[in-house]
Protein chains: 2
Amino acid sequence: MVMDFSQIRRSEHLPARIASQIGREISDGRIIAGEKLPTEHILAKTFGVSRSVVREAIAQLRNEGLVETRQGVGAFATDIEHRHSIRIEQGNLADRVSFQSLFQLRLPLEIEAAGLAAVNHTAEDLSKLDEALEQMTGGEKWTEKGVLADLAFHRQIAASTHNEYFLLFLGFIAERIHLAINTAREAAVLTEIVEVTIAEHLSIRDALASRDPIRAREAMRHHLNGAASRLNLQLKVY
Amino acid sequence: MVMDFSQIRRSEHLPARIASQIGREISDGRIIAGEKLPTEHILAKTFGVSRSVVREAIAQLRNEGLVETRQGVGAFATDIEHRHSIRIEQGNLADRVSFQSLFQLRLPLEIEAAGLAAVNHTAEDLSKLDEALEQMTGGEKWTEKGVLADLAFHRQIAASTHNEYFLLFLGFIAERIHLAINTAREAAVLTEIVEVTIAEHLSIRDALASRDPIRAREAMRHHLNGAASRLNLQLKVY
DNA sequence: ATTGTACGGTTGTCTGATAACCTTATATGC
DNA sequence: GCATATAAGGTTATCAGACAACCGTACAAT
């Protein structure tokens with residue numbers, strides 16, 4: 001059998017690439033909402049793969065809400081408003097610009113969350129926050145455990161807003177950022193500055209405890225600015 | 001005709017049911033993170049379906065980030081923090097508290113986006129923004145077209161930040177919110193106030209054009225506050 | 001005009017086989 | 001003895017072809 005190198009090279013997961021290719025056709029409007037996609041047979045022949053691969057690709061698009069399938073009829077591009085998920089490929093964050101962009105998105109959310117948490121938190125929230133703080137001070141270095149405690153601290157603030165979406169989005173974003181940091185840089189760089197982080201966390205905690213949203217926002221802004229500069233990011237903050 | 005009730009009712013998408021069943025095993029902790037799932041052969045035999053169905057189920061779990069597969073090795077349950085997608089069921093937004101929560105999340109993002117867009121936008125961005133504005137003024141009423149133009153306006157601001165994640169997140173959130181509005185209330189309520197919206201949009205546009213981030217942020221804040229009160233939401237805004 | 005039926009096309013599922021890949025164990029060369 | 005190369009077995013990835021379930025339409029029968 002003769003290989004056809006005009007086709008995409010087999011680097012990564014065939015169905016995913018075909019799914020993103022079809023997905024682009026939809027996003028870019030070359031396939032209009034409601035329009036019927038080519039049949040699986042035709043798609044298979046078009047991409048030069050088997051029907052199994054096409055089916056898996058379409059299944060992925062269906063999970064993302066970009067298409068709907070009806071047995072015996074076909075697959076149809078859905079209206080954009082049926083998309084009910086958002087997705088970040090971790091690989092994208094290896095690129096510095098992308099990483100910085102996500103960090104910049106995180107800023108206003110964390111600051112707002114701090115302000116809301118200052119107003120809305122309960123006594124139980126505060127004690128959970130203190131637990132997370134203790135776990136950071138307990139560990140000597142910026143170990144795996146320290147990173148998890150840092151995540152837990154921010155997560156608890158998001159939870160203290162008592163707004164489910166702040167927890168959902170911030171938890172997701174913070175995890176992605178921390179994961180990118182851990183894979184990209186050696187943890188050693190960060191050991192020396194863990195005391196600074198703890199001090200900043202404490203100042204946030206105190207502002208929260210006194211139910212002062214303005215101070216809580218300022219403390220969080222200061223903390224994130226510090227974290228950004230420690231990561232050599234150049235962010236505009238207002 | 002004789003029905004065979006011994007079989008499971010073939011009501012809905014075999015792979016989806018199996019995926020949710022396996023997914024529950026993971027969520028409920030019966031399969032620990034990092035643990036290897038049974039092989040596809042065994043799963044197929046266990047559930048009494050073919051390997052194709054099992055594969056499609058596992059592909060769905062992989063899309064949701066609950067498992068990772070390695071060719072030649074197996075499928076493994078991932079830690080929760082490896083989930084790389086975020087999802088909102090539209091049904092949740094029917095509930096007023098949830099809707100208000102999402103709107104509150106949107107506020108700081110839109111405001112920050114306005115500030116960033118004021119600094120980062122290009123001439124091309126501005127002309128696209130004007131296009132969206134014209135489409136709103138052109139239509140007489142708050143029709144389907146008007147809603148789309150409103151979405152396009154906010155979307156263009158997010159794009160003008162030249163930060164891919166602002167576009168990704170804000171586009172997603174704004175779409176969810178607008179869809180919830182359109183399904184919950186009759187459009188008629190909103191026809192009378194379309195002029196106010198246009199005026200506020202214009203003020204945002206002018207602040208952007210003069211590259212004044214502070215004014216842009218204030219204009220956006222004012223606009224969103226107005227929109228919130230028109231929807232009878234009670235939000236804390238700082 | 002309404003109902004029934006046959007037909008072609010499409011997705012859903014099944015079966016079996018081959019390729020690509022990983023892990024482990026064994027053999028080989030030094 | 002030790003490191004490297006090779007072989008073997010198991011698992012996922014992909015392929016190929018078939019049948020089942022289902023849909024829409026056209027046409028015949030009443």
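Student: Which residues does A:Arg205 touch, not counting residues up to four places away in sequence?

Tutor: First, a caution: this is a predicted model. A contact list shows what a residue packs against beyond its own stretch of chain. A:Arg205 touches A:Leu126, A:Leu129, A:Asp130 and A:Leu133.

Student: Where does A:Arg205 lie?

Tutor: A:Arg205 sits in helix H9 of chain A, residues 194–209. Look also at A:Ala216, 11 residues away along the chain. The C-alpha atoms of A:Arg205 and A:Ala216 are 7.9 Å apart.

Student: Now the DNA. How many residues surround DNA strand D, and which are the closest?

Tutor: Start with the residues around a strand, then ask which part of the DNA they meet. DNA strand D has 22 residues around it. The closest are A:Leu14, A:Ser50, A:Val53, B:Arg55 and B:Gly72. Of the strand D atoms within 4 Å of the protein, 66% are sugar and phosphate.

Student: Which elements supply the surface near DNA strand D?

Tutor: Both chains take part. Chain A brings helix H1 (14–27) and helix H3 (51–64), and chain B brings helix H3 (51–64) and strand E1 (67–70). Each supplies at least two residues. By class, the surface has six nonpolar, nine polar and seven charged residues.

Student: What do individual polar contacts to DNA strand D look like?

Tutor: Check which atom is on each side. At A:Leu14, a polar backbone atom is 3.4 Å from a phosphate oxygen of strand D. B:Thr69 uses a polar side-chain atom, 3.1 Å from a phosphate oxygen of that strand. B:Gln71 also uses a polar side-chain atom, but its partner is a sugar or linking oxygen of strand D, at 3.4 Å.

Student: And DNA strand C: how many residues surround it, and which are the closest?

Tutor: Read it by the steps used for strand D. Here 23 residues surround strand C, the closest being A:Arg51, A:Arg55, A:Gly72, B:Ser50 and B:Val53. Sugar or phosphate makes up 65% of the strand C atoms within 4 Å of the protein, and bases make up the rest. Chain A supplies H3, strand E1 (67–70) and strand E2 (74–77), while chain B supplies helix H1 (14–27) and H3, each with at least two residues. This surface divides into seven nonpolar, nine polar and seven charged residues.

Student: Which atom of DNA strand C lies 3.0 Å from a backbone N or O atom of A:Gly72?

Tutor: A base nitrogen. Compare two phosphate cases. A backbone N or O atom of A:Glu40 is 3.2 Å from a phosphate oxygen of strand C. For B:Ser50, a side-chain N or O atom is 2.8 Å from a phosphate oxygen of strand C.

Student: How many residues of chain A and chain B are in contact?

Tutor: For an interface, take residue counts, then area, then specific pairs. 45 residues of chain B contact 46 residues of chain A. The two chains bury about 4500 Å² between them, with 61% on carbon and sulfur atoms. There are four salt bridges between the chains. In one of them, A:Arg62 meets B:Glu56 at 3.2 Å, N to O.

Student: Which element gives the largest share of the chain B side?

Tutor: H4(B), with 12 residues. By class, that side has 19 nonpolar, 13 polar and 13 charged residues.

Student: In what sense do E3 of chain A and E3(B) pair?

Tutor: For paired strands, check direction, then bridge partners. These two, with residues 85–87 in chain A, pair in the antiparallel sense over three bridges. A:Ser85 has B:Arg87 as its bridge partner.

Note on methods: Residues numbered from 1 in each chain as written. Chains lettered and ligands numbered in written order. Predicted model: local features only at pLDDT ≥ 70, side-chain atom pairs only at ≥ 80, totals over all residues. Heavy atoms only, no water. Near = heavy atom within 4 Å. Polar contact = N/O pair within 3.5 Å; in protein donor to acceptor, adjacent residues only side chain to side chain. Helix = DSSP H or I, 4+ residues; strand = E, 2+ residues; numbered from the N terminus. Nonpolar A, V, L, I, M, F, W, Y, C, P; charged D, E, K, R; others polar. Contact = heavy atoms within 4.5 Å. Buried area = accessible area lost by both parts, 1.4 Å probe. Salt bridge = Lys/Arg side-chain N within 4 Å of Asp/Glu carboxyl O. Pairing = 2+ DSSP bridges.
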